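Please open the model in a viewer and keep the selection panel at hand. The tour below proceeds stop by stop, stating at each what to select and what is found there.

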Amino acid sequence: MKGYAMLTIGQTGWIEKDIPKCGPADAICKPIALAPCTSDIHTVWSGALGDRHDMILGHEAVGEVVEVGSEVKDFKVGDRVLVSAITPDWNSIAAQEGYPMHSGGMLSGWKFSNFKDGVFAEYFHVNDADGNLAKLPEGMDLGAAAMLADMIPTGFHGVELADVQFGDNVAVIGIGPVGLMSVAAAAIRGAAEIFAVGSRKNCADLAREYGATDIINYREGDIVEQIMAKTGGKGVDKVIIAGGDNDTFAQAIEILKPGGIIGNVNYLGEGDFVKIPRVQWGCGMSHKTVRGGLMPGGRVRSEKLARLIMTGRIHPEKMITHTFQGLEGVEPALMLMKDKPRDLIKPLVLL
Ligand SMILES: [Zn+2]
């Protein structure tokens with residue numbers, strides 16, 4: 001089969017590989033919608049995972065089942081399915097402990113384009129099919145469905161980690177597609193004010209539509225100063241970090257009230273350390289909590305988040321700014337993510 005792969009750090013290309021083998025609990029799918037992700041860019045061009053050779057990229061897919069193992073109960077050939085980017089081993093100790101995303105070792109629930117070939121291929125392998133697939137709801141927009149792989153569950157996880165409550169003042173740093181979903185999730189959770197930090201006009205417009213009350217443009221001044229000014233010098237109850245770099249932590253700590261919580265879902269692809277400013281962290285005694293986590297993945301989560309789309313509570317398809325046709329489309333779609341033209345939010349490939 002054909003797949004679009006990381007050849008080595010800094011290089012991508014088309015390769016030929018064998019169709020993956022289906023174990024007793026697994027499924028083999030062919031993609032019907034795909035999306036590239038900033039994580040793919042970090043993986044290839046920052047070498048964030050270390051070197052990988054001829055590893056097929058991609059972890060965001062909607063699929064059609066072409067083969068199931070003998071132990072799979074709830075899925076059959078021909079089913080159209082939502083596929084989570086994170087595919088834990090649900091029968092693991094880590095899953096029983098409440099952290100399925102770390103089954104098999106830290107972050108090891110992330111298998112596609114990390115420990116095994118990803119979804120940018122004619123076929124891809126899904127472990128623990130009953131635990132990790134969900135039926136594609138009848139009538140669901142394929143773009144919205146593709147956002148259920150990673151953008152929605154990750155953006156929502158930022159809000160879960162920050163434990164947003166009714167009436168909270170919330171800052172969402174980074175309003176790419178993950179941050180936009182954090183804005184939508186914070187609104188659903190009952191945040192009173194949502195400060196969306198970003199500079200791109202189309203992202204800012206969509207952030208407002210999803211529930212942001214204020215746009216904080218870092219090109220118009222220091223974000224700490226702007227948010228402190230808007231909160232009467234108090235700062236915010238919760239911060240969700242969905243973009244930025246190692247310096248972003250310092251700003252998040254500064255704008256957070258004592259007792260506040262940071263939920264980080266940003267993939268820090270470079271550097272050895274993150275920065276926590278000592279004094280603004282109360283010399284270690286501020287009760288400012290930093291929580292960072294990979295989203296859990298899994299069927300129940302996909303099904304629940306899918307309901308929010310089907311009932312019109314969220315509109316993730318509005319994030320899709322560029323659409324390509326056919327598997328060959330993953331190459332220009334990925335390059336678009338790499339180059340980030342200002343009109344881009346999220347590209348989609350339909351097959
Ligand atoms: Zn992704």
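Which residues does proline 100 touch, not counting residues up to four places away in sequence? The model is a predicted one. Select proline 100 and display its surroundings: the contacts are Pro88, Trp90, Ala94, Ala95, Gly109, Pro296, Gly297 and Gly298. Proline 100 is found in the loop between helix 2 (93–96) and strand 7 (124–126). It is nevertheless a buried residue, because 25 other C-beta atoms lie within 10 Å, the threshold for burial being 20 or more. Now add tryptophan 90 to the selection; ten residues separate it from proline 100 in sequence, and the C-alpha to C-alpha distance is 6.5 Å.

**The three-stranded sheet**

Turn next to strands 1, 2 and 4. They form an open sheet in the order 2-1-4, and the pairing is antiparallel. Strand 2 (11–16) and strand 4 (55–56) are at the edges; each has a single partner strand, so one side of each is without a neighbour in the sheet. Select strand 1 (residues 2–8) together with strand 4 to see two bridges in the antiparallel sense. Methionine 6 has methionine 55, in strand 4, as its bridge partner.

**The six-stranded sheet**

Select strands 9 to 14. This open sheet of six strands has the order 11-10-9-12-13-14, with parallel pairing. Strand 11 (214–216) and strand 14 (289–292) are its edge strands, each pairing on one side only. On average, neighbouring strands of this sheet are turned by 20° against each other, direction ignored.

Within the sheet, select strands 9 and 10, which run parallel and are joined by five bridges. Asparagine 169 has glutamate 193, in strand 10, as its bridge partner. Add helix 8 (residues 223–230), which packs on the sheet and touches strand 9, strand 10, strand 11 and strand 12. The direction of helix 8 makes about 155° with that of strand 11.

**Helix 6**

Select residues 177–188, the twelve residues of helix 6. From first C-alpha to last, helix 6 reaches 17 Å, close to the 16 Å expected at 1.5 Å a residue. Helix 6 lies across strand 9, strand 10 and strand 12, and runs at about 165° to strand 9.

Is helix 6 mostly covered or mostly uncovered? It is mostly covered, with ten of its twelve residues buried. Colour these separately: Pro177, Val178, Gly179, Leu180, Met181, Ser182, Val183, Ala184, Ala185 and Ala186. The elements that they pack against include helix 5 (151–162), helix 7 (201–210) and strand 16 (346–350). Just after the helix, glycine 190 has a positive phi, near 95°.

**The nonpolar core**

For the last stop, select Val172, Val183, Ala196 and Val239, the residues with the most contacts inside the largest nonpolar core, which has 106 residues. Helix 6 gives the most to this core, contributing seven residues. The core lies between domain 1 (2–150 + 295–350) and domain 2 (154–292), because both give residues to it.

Finish by centring the view on alanine 196. Not counting residues up to four places away in sequence, alanine 196 touches Val172, Ile175, Val183, Ala204, Ala207, Ala212, Ile215 and Ile216.

Note on methods:
Residues are numbered from 1 along each chain as its sequence is written. This is a predicted model: local features need pLDDT of at least 70, side-chain atom pairs count only at pLDDT 80 or more; totals for chains, interfaces and linings use all residues. Helices (H or I, at least four residues) and strands (E, at least two) are DSSP runs, numbered from the N terminus. The expected span of a helix is 1.5 Å times one less than its number of residues. Two residues are in contact if their C-beta atoms, placed from the backbone, lie within 7 Å. A nonpolar core is a set of buried Ala, Val, Leu, Ile, Met, Phe, Trp, Tyr and Cys residues joined through C-beta atoms within 7 Å. Domain bounds come from an automatic or database domain assignment. Two strands pair if DSSP finds at least two bridges between them. Axes are lines fitted to C-alpha atoms, for helices over the stretch in contact, and angles run from 0 to 180 degrees between N-to-C directions.
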